[in-house]
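Okay, everyone, thanks for squeezing me in. Let me put the structure up and walk you through it.

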Amino acid sequence: MTIGPNSRRTPAHIARPKPAERGARTSAMIASLDAEGRDTISAPFGHALVDLAKTREDIVGLTADLGKYTDLHIFAEAYPDRFYQMGMAEALLMSAAAGMAREGFTPFATTYAVFASRRAYDFIVMAIAEENLPVKIVCALPGLTTGYGPSHQATEDLAIMRGMPNMTVLDPCDAVETDQATRAIADYPGPVYMRLLRGKVPNVLGEYGYKFELGKAKEIRPGSDVLFISSGFMTMRCLDAATALEKDGVSCAVLHSPTIKPLDEATICAEAAKGGRLVVTAENHSVTGGLGEAVAGALARNQVHVPFRQVALPDEFLDAGALPSLHDQYGLSVPSITTRVKGWLND
Amino acid sequence: MEHPAGSNVSLARRAWSIRRHALRMGEVQGQGYIGQALGSADVLAVSYFHAMRYRPGDPDWEGRDRFLLSIGHYAIALYAAMIEAGILPEDEIETYGMDDSRLPMSGMAAYTPGMEITGGSLGHGLGIAVGMALGLKRKKNDAFVYNMLSDGELGEGSTWEAVMGAAAWKLDNLIAIVDFNNQQADGPTMDALATGPGTEAAKWQAFGWHAEEVDGNDIDAVVAAFDRARHLKEPKPRAIICNTKMCKGVPFLEEREITHFVRVEPEEWAKALAHLDTEMPE
């Protein structure tokens, strides 16, 4: 059998070291994010939706056989008659959600980010977005949050969703924001794609007194040498990197931009234009078409000429393995960020 | 019943008028999916003048039966039916397919009163119909959702996702109408798909639907099939496979080599209309 040039297979005649000898790690497929030393909140999306549904009879939940893995099972248990199991059928999930929205409901449709963005794209475009229907597409396993390999790693979902007219695209950071964003999108009259952190989700932004606003980027901490512009759990990583860099005398601001589209260009350009800071975007997404390129485009269009660097996943199909190892390998871990930022400052 | 039925106009005459409106739209543009419009006119006449409940002056009326056209290119046929039904004014025929018209070549919800969904990306309609049928049940609204789809659309996997979903949810308020003219863009549907007369209904039945096959150009047969679908007590979705003849009603077009996009020469529109006028039903 011929092995293709992209093969990761080790030929059989080469002995592989045993996992323990390599210091290999493992992690569950749907591992909750590394939450060492942080409080966590369980299933913030599911609980927020249940709370909302008490007063919002228009809210219904649909899933394509991933209720348990998108925290929608909490809603299903609380409101069994408002929960629609559509089976492993993402085209039906999205078109049926569109149909329910046409009948006046506010459907929350959940699946994995890979399946919504890749498999169901045409249905989201034509049945939902073109009609500007208030369907909320909430998707687990965004970017690199599983070690299962490319079948489950939605490394290009933001790029795909950004390309769609009418679609609002969100990448929340933590449990606090997931709760707030769920409530905000329920009130928003159009279609939304929201990346989901599920299970035990770290509580990070609570201590900063953060309040989510749709379409707004917010400064989480000030700093004079580096301006991180980040979304999703990378804001968490940037805050940790900022703390680490502070010990080395590097002062880092963190501007959190959970709304990828429409991007808060005014705030981002105003912050970058203050000058004297290296702008570093940080995202749990491919370098192509996500937050980094959205920010770069905004800066270029607005004639904001500043040093610019991007922390993002490479434009590659990523390896399988344990999530912490993969975050190190692909540059999303805190040490990887701090090392590169120091290097860039010395360039 | 809230529609223009009850008048003394026969369904045959309604179908004739739908054909006539469609030919006039084709004449305006010098083109159009006239083969499909002529072929489906009888089914549309039965839908709009026998089966469906609606208020012509209030196309968003909550109590209306919903008619979802998956096949966007059949818009010329649906506009013709809605003009005949009084939902759209007849004088808009002359705007068909033009800039700023409410009657674009491919049907879209945002453009046209009475157009429930944006069709054109085939394989979407039945899934949306499932969602609307679920929504109507939640609201305890007893309206039906009709979805007209084409035989070619049976090749889309999403159609079968919706077929299975509708059966699982026992959507007895959903009626699928398959316009089976055995013609998709590149040639006969039966050359590309495992389908055909005598086999398609059994497939839907195997998926848990009430399904039957009729001659879609035999108005009495279509009426009977619609009546059985509407009055069935079993908690299942319903499908009517309508075998139709492209270009039906205009013999010189019927005899032409049939393709997805039937070519009509500029002078032939008037000829087709003139032929139709010699055969006006009672």
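Let's start with one pair of residues: A:Ala282 has its bridge partner in S14(A), and that partner is A:Val311. Quick caveat, this is a predicted model. The strands behind that pair are S13 of chain A, residues 278-286, and S14(A), and they run parallel, with 5 bridges joining them. On top of this region, helix H12 of chain A, residues 334-346, packs on the sheet and touches S10, S13 and S14. The direction of H12 makes about 145 degrees with that of S13(A).

Okay, zooming out to the sheet itself. In what order do the 5 strands of this open sheet come? Reading across chain A, you get S9-S11-S10-S13-S14, and the pairing is mixed. Strand S9, at 218-221, and strand S14, at 308-313, are the edge strands, so to speak, each pairing on one side only. From one strand to the next, the twist averages 25 degrees.

There's another helix to look at here. Helix H8 of chain A, residues 234-247, lies across S9, S10 (226-230), S11 (252-256) and S13. H8 runs at about 170 degrees to S11(A).

Now, the other sheet I wanted to show you. This one is also open, with 7 strands of chain A in the order S3-S2-S4-S5-S7-S6-S12, again with mixed pairing. What about its edges? Strand S3 (83-85) and strand S12 (259-261) stand there with a single partner strand each, so one side of each has no neighbour in the sheet. Ignoring direction, neighbouring strands here are turned by 20 degrees against each other on average.

The helix to find on this one is H7 of chain A, residues 175-187. H7 lies across S2 (59-63), S4 (106-112), S5 (136-140), S6 and S7 (192-196), and runs at about 165 degrees to S7(A).

Let's go to the S12 edge for a second. Strand S6 of chain A, residues 168-170, pairs with S12(A) in the antiparallel sense, over 2 bridges. Which residue of S12(A) is the bridge partner of A:Val169? That would be A:Lys261. And A:Lys261 is also joined to A:Pro262 by a cis peptide bond, with omega at about -5 degrees. A:Pro262 itself lies in the loop between S12 and helix H9 (265-273) of chain A.

While we're on backbone oddities: most peptide bonds are trans, and most residues other than glycine have a negative phi. A:Leu141 is not a glycine, yet has a positive phi of about 60 degrees. You'll find A:Leu141 in the loop between S5 and helix H6 (157-162) of chain A. Buried or exposed, then, with 26 C-beta neighbours inside 10 Å? A:Leu141 counts as buried, because the cut-off is 20 or more.

Chain B has a case too. B:Asn182, not a glycine either, has a positive phi of about 55 degrees. B:Asn182 is in the loop between strand S3 (174-180) and helix H6 (189-192) of chain B. With 20 other C-beta atoms within 10 Å, B:Asn182 is buried.

Last bit, chain A overall. Chain A has 12 helices and 14 strands. Its radius of gyration is 20 Å, close to the 20 Å from the globule rule for 347 residues, so chain A is as compact as a globular protein of that length. The C-alpha atoms of chain A fill a box of roughly 60 × 60 × 35 Å along the principal axes. Buried residues make up 50% of the 347. And of the contacts in chain A between residues at least 6 apart in sequence, 78% join residues at least 24 apart.

Methods: Residues are numbered from 1 along each chain as its sequence is written. Chains are lettered from A and ligands numbered from 1 in the order in which they are written. This is a predicted model: local features need pLDDT of at least 70, side-chain atom pairs count only at pLDDT 80 or more; totals for chains, interfaces and linings use all residues. Two strands pair if DSSP finds at least two bridges between them. Helices (H or I, at least four residues) and strands (E, at least two) are DSSP runs, numbered from the N terminus. Axes are lines fitted to C-alpha atoms, for helices over the stretch in contact, and angles run from 0 to 180 degrees between N-to-C directions. Two residues are in contact if their C-beta atoms, placed from the backbone, lie within 7 Å. The radius of gyration is taken over C-alpha atoms; the globule rule is 2.2 Å times the number of residues to the power 0.38. A residue is buried if 20 or more other C-beta atoms lie within 10 Å of its own, exposed if 12 or fewer, and partly exposed in between; C-beta atoms are placed from the backbone.
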